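These are my notebook entries on pockets, a ligand and two points of backbone geometry. I set down each look-up in turn.

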Amino acid sequence: MHQSLVILGSQWGDEGKGKIVDLLTEKVDYVIRYQGGHNAGHTLVVDGKKTALHLIPSGILRPHVRCVIGNGVVLSPEALTEEIRMLQERGHSVIDRLHVSTNCPLILQVHVALDRARETARGNAKIGTTGRGIGPAYEDKVSRRGLRVADTADPAGFSEKVRELMEYHNFTLTNWYRAKPVDVESMIEETLEAVSYFKTAVCDTVDLIHRCRRNGKIMLFEGAQGSLLDIDHGTYPFVTSSNTTAGGVATGSGLGPRYIDSILGITKAYATRVGSGPMPTELFDNAGKHLAVKGQEVGTTTGRGRRCGWFDAVAVRHAIEVNSISGICLTKLDVLDGLSEVEICVAYELPDGNVVDYLPGGDEYLRVRPVYETLPGWDETTFGMTSLDEMPKAAKQYVERLSRVVGAPIDIVSTGPDREQTIVISTPFGVD
Ligand code: IMP
């Protein structure tokens, strides 16, 4: 049985990871987040009831599961406190099943102010961030001036460090961005108050993870965002500020790469993207509208409409390779029901007419044109199907073709938002 399983998105996020994590956690002891912050939005539907999570791992809805926020996650104490409260009000025990790394970099209110001021300053060239302070918090981490959860254990020392940091940030806010400064003392007070709400959950999560590994616990590493938003391997600069790809598991949790047993790439049956940046298969016609409306493509975190397009097999193949994805979970296939034809982007045409089957680097990616393969659509509904045999022939053909073009097996097909609406072809745990 596989002990360490990674689940991550192979496109631009919003592939439906939350449902799959929740589904698989039936057999899991620990669910671990290793990158990103509360920019993520994972929607879970259990018994028809929707829960949106941003920071706490999606395993939290299963009472037997323990959840870890690893050192690679940038942590907003206010957002975590709010999420714990929301879950507790809904009857879930949280704090006694949650472990937060002492090494998580903190997202302070000033990071939110900087994120928003920067986006405003970029004007039309804006990234389209979630405005949660993610980028500035990671910048502080990498520049080695950031504060971490551990710093809050000494409130006086913490306050001093924040005051020093704020001389720099408030100078930038007011003099460079011409924005309002952030009130330092109230920010310190509110941060410390929020941390006190979950301080019993703070621990050395690297040690915890390795104790779990030695004791044979099953661990699921839950990715946030998607591979093409990776700071190194995504469509830079229109990316998030963390490593969303599988390498981030090792750095963001402390699990050495050789301990990873399998990597499941959650892959939507078409493409979506929120925020700015290149998206070669984006549609502006009725097919695009069909995907947006039927797929209810609205962001969980920001409420923004998602851009929609045909399946981009070149981009997904790139994700398969940089992540070493072992199997795919295909989601939202039913959204394609009712289309007379479906297209798969199998290559890109460059401005000079050359056709390539990989992601060109630099600005060239902005100018590629998709080369499509057209397949017949299907009228029948695939919604809620629990077996491949029930599937219309054309839908099955589409799934098989996708698998072949991207070069990875389809292990799971998700046919609706509920746990039950799933076809498991091969379990990512290695054995049943
Ligand atoms: P940031 O992560 O808020 O800095 O935003 C950077 C880019 O990542 C923007 O295009 C966001 O729309 C995108 N992004 C961040 N989190 C998510 C997510 O959970 N799903 C999809 N896109 C995301």
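**Entry 1: the second largest pocket.** I looked up which residues line the second largest pocket and found 29, of which Thr 43, Gly 295, Gln 296, Lys 332 and Pro 417 lie nearest its centre. I note here that the model is a predicted one. The space in this second largest pocket comes to about 740 Å³. I then sorted its lining by class and recorded six nonpolar, 13 polar and 10 charged residues. Next I asked which elements of secondary structure each supply at least two residues of this lining. Helix H1 (17-24) and strand S3 (42-46) do so. The largest share, four residues, comes from S3.

**Entry 2: the largest pocket.** I turned to the largest pocket, for which I recorded a volume of about 1100 Å³. Its lining is made up of 49 residues, and those that lie nearest the centre are Ile 134, Gly 135, Val 239, Thr 240 and Ser 241. By class I entered 15 nonpolar, 24 polar and 10 charged residues for this lining. Three helices each supply at least two of the lining residues: H3 (109-122), H4 (134-142) and H8 (247-253). I asked which element gives the largest share of the lining of the largest pocket. H4 does, with seven residues.

**Entry 3: the ligand.** Where does the ligand sit? I found the ligand in the largest pocket. I listed 16 residues around the ligand, and Asp 14, Asn 39, Thr 130, Thr 240 and Arg 304 come nearest. Thr 240 also appears in Entry 2, among the residues that lie nearest the centre of the largest pocket. The shell around the ligand divides into six nonpolar, eight polar and two charged residues.

I then looked up single contacts of the ligand. An N or O atom in the side chain of Thr 130 is 2.6 Å from an oxygen atom of the ligand. For Gln 225, I noted a polar side-chain atom 3.3 Å from a ligand nitrogen atom. Val 274 takes part through its backbone, where a polar atom is 3.2 Å from an oxygen atom of the ligand. I also recorded how much of the ligand is covered: taken alone it exposes 470 Å², and the protein buries 96% of that.

**Entry 4: two points of backbone geometry.** I reminded myself that most residues other than glycine have a negative phi, and that most peptide bonds are trans. Against that background I looked up two places in the chain. Tyr 236 and Pro 237 are joined by a cis peptide bond, with omega about 5°. I located Pro 237 in the loop between strand S8 (219-226) and H8. H8 is one of the helices entered above for the lining of the largest pocket.

The second place is Arg 144, which is not a glycine and yet has a positive phi of about 65°. In which loop is Arg 144 placed? I found it in the loop between H4 and helix H5 (155-176). H4 is the helix that I recorded as giving the largest share of the lining of the largest pocket.

Definitions and conventions
Residues numbered from 1 in each chain as written. Predicted model: local features only at pLDDT ≥ 70, side-chain atom pairs only at ≥ 80, totals over all residues. Heavy atoms only, no water. Near = heavy atom within 4 Å. Polar contact = N/O pair within 3.5 Å; in protein donor to acceptor, adjacent residues only side chain to side chain. Areas by Shrake-Rupley, 256 points an atom, 1.4 Å probe, with all protein chains shown as cover. 1 Å grid on protein atoms, 1.4 Å probe; cavity = no way out; pocket = protein on both sides within 12 Å on 5 of 7 lines; lining within 4 Å. Sits in = over half its atoms within 2 Å of the grid points. Nonpolar A, V, L, I, M, F, W, Y, C, P; charged D, E, K, R; others polar. Points joined across faces, edges and corners; volume = space filled by probe spheres on them.
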